[in-house]
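Thanks for sending this one over. Here are my notes, point by point, to read alongside the structure.

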Amino acid sequence: MNPVIVWYRRDLRAYDHLPLHHAIQTGQPILPVFIFDPAVLDSKRISPARLKFMLNGLSALRDDLQKMGGDLYLAHGNPADILADLVDKTGATDLFYGIDYTPYARKRDEAITHSLNITIHPLHDRLLVPPSAVAKSDGTPYTVFTPFMKQWRTIEKLACVDITPNHFFDIGQLSSKPIPSLSDLGFVETDVPIPPATSAYAHDLLNEFMTHRIHVYAQNRDQLGNAEAHPKTQTSFLSPYIRFGLISLRHIYWDARLAHQNTSSVPAQNSITKFVDEIVWHEFYTHILWHFPQVKTHNFNPKFDAMAWQYDHDHFTAWCEGRTGYPIVDAAMRQLVKTGWMHNRARMIVASFLT
């Protein structure tokens, strides 16, 4: 029987995964695929620490798929060429993937849709509410958060989807690549401590947060602290797991809803609502990027295009290395350099300071 391809990108999990779920419904063998795209690897946004976390996440995904009786096909090259070659070799009939909202990904995926002579299934797996579902009465997108949030809250959210292990395509007949090291990809090894990059660990973090810290999140979320002085601080620490899809926003959202229902404390309920508001901010800015892709490189408000910026290399380097002379800015930047992570409130401070 011909397989269907599940193309993994920023969704490195085998659970609550819409593309995998819908692929299973076809009843055909599943061929999970991940492609190392040179255009992404050459991006200035890639750092050794981020890439190391992703590679570890890929290893964990492969382990989870193998426990289900499958495997992960790995390739390096232009995604359009890799996918076309796979279709030729396997006779794959369908391609399932989760939509990525960045301008590059949209352009890439559109080209692939027109080049492959198979059925394409792009799915909104990274958002609770797709961009087309939140709009003003005249059909235009919101550009202000509060009215966006009010409508977002009225829209029914998709429940988590079950993944029932199905039969997988045998990738032994294909020339799959092993998971590379940083040096294999042209990067130097990093000494930044990388947290466990597994879905299981992400769920442990979520469960711990939902059991305790979410009830005081609103009161304590502005406390910067660090893991040594304030274990776990009051944040969820889920951001890298959301970024690479080791856990779904659906899972986080519905767990928060359950935590809200399970407490009668009004302050605790308000705190949980404040945490969900942060999820809405994530959705809002993703919607903005979808509707206004120019914000990736240009001012959202064109009137700022004429602003004269100061480009001082020494000042910028001092900012990067935590040598500005402003203690809170420097502490935050040094934390980022040493741990690869920075508290959300600190991110706002250092970004505002730079601009």
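1. Let me start with enclosed space. In this predicted model, a search of the whole structure turns up two cavities of 30 Å³ or more. The largest cavity holds about 70 Å³, and the second largest has a volume of about 50 Å³.

2. Which residues line the largest cavity? You will find Arg 13, Asp 125, Arg 126, Ile 242, Gly 245, Ile 247, Ser 248, Leu 249 and His 282 around it. By class, that lining divides into three nonpolar, three polar and three charged residues.

3. For the second largest cavity, the lining consists of Arg 9, Arg 10, Asp 11, Gly 98, Ile 99, Asp 100, Asp 125 and Arg 126. Here the division is one nonpolar, one polar and six charged. Please look at Asp 125 and Arg 126 in particular: they appear in the lining of the largest cavity and again in the lining of the second largest cavity.

4. Now to open space. The second largest pocket has about 260 Å³. Its lining has 15 residues, and those closest to the pocket centre are Trp 152, Arg 153, Tyr 253, Arg 257 and Val 276. Helix H6, helix H10 (249-261) and helix H11 (266-291) each give at least two residues to this lining. In terms of class, the pocket lining has eight nonpolar, two polar and five charged residues.

5. The strands deserve a careful look, beginning with E2 (residues 30-36). Seven of the seven residues of E2 are buried. On one side sit Ile 30, Pro 32, Phe 34 and Phe 36, on the other Leu 31, Val 33 and Ile 35, so both faces are covered. Strand E1 (residues 4-8) runs parallel to E2 and is joined to E2 by five bridges. One register to check on screen is Val 4, whose bridge partner in E2 is Ile 30.

6. How is strand E4 (residues 94-98) placed, buried or exposed? Five of its five residues are buried. Asp 94, Phe 96 and Gly 98 point one way from E4, while Leu 95 and Tyr 97 point the other way. Gly 98 of E4 is also among the residues lining the second largest cavity.

7. E4 has pairings with E1 and with E5. With E1, the pairing is parallel and spans four bridges; Val 6 has Phe 96 as its bridge partner in E4. With strand E5 (residues 119-123), the pairing is also parallel, over five bridges, and the E5 partner of Phe 96 is His 121. Phe 96 is thus a handy residue to centre on, with bridges to Val 6 and to His 121.

8. Val 188 lies in the loop between helix H6 (145-154) and helix H7 (199-211). Why does Val 188 count as exposed? Its relative accessibility is 63%, and the cut-off for exposed is over 50%. Leaving aside residues up to four places away in sequence, Val 188 touches Pro 48 and Leu 182. Pro 48 is 140 residues from Val 188 along the chain, yet their C-alpha atoms are separated by 6.9 Å.

9. A last word on cysteines. The structure holds zero disulfides. Cys 160 has a relative accessible area of 36% and is therefore partly exposed, and Cys 320, at 27% relative accessibility, is partly exposed too.

Note on methods: Residues numbered from 1 in each chain as written. Predicted model: local features only at pLDDT ≥ 70, side-chain atom pairs only at ≥ 80, totals over all residues. Heavy atoms only, no water. Disulfide = S-S within 2.5 Å. Buried < 20%, exposed > 50% of the residue type's maximum accessible area, 1.4 Å probe, protein only. 1 Å grid on protein atoms, 1.4 Å probe; cavity = no way out; pocket = protein on both sides within 12 Å on 5 of 7 lines; lining within 4 Å. Points joined across faces, edges and corners; volume = space filled by probe spheres on them. Nonpolar A, V, L, I, M, F, W, Y, C, P; charged D, E, K, R; others polar. Contact = heavy atoms within 4.5 Å. Pairing = 2+ DSSP bridges.
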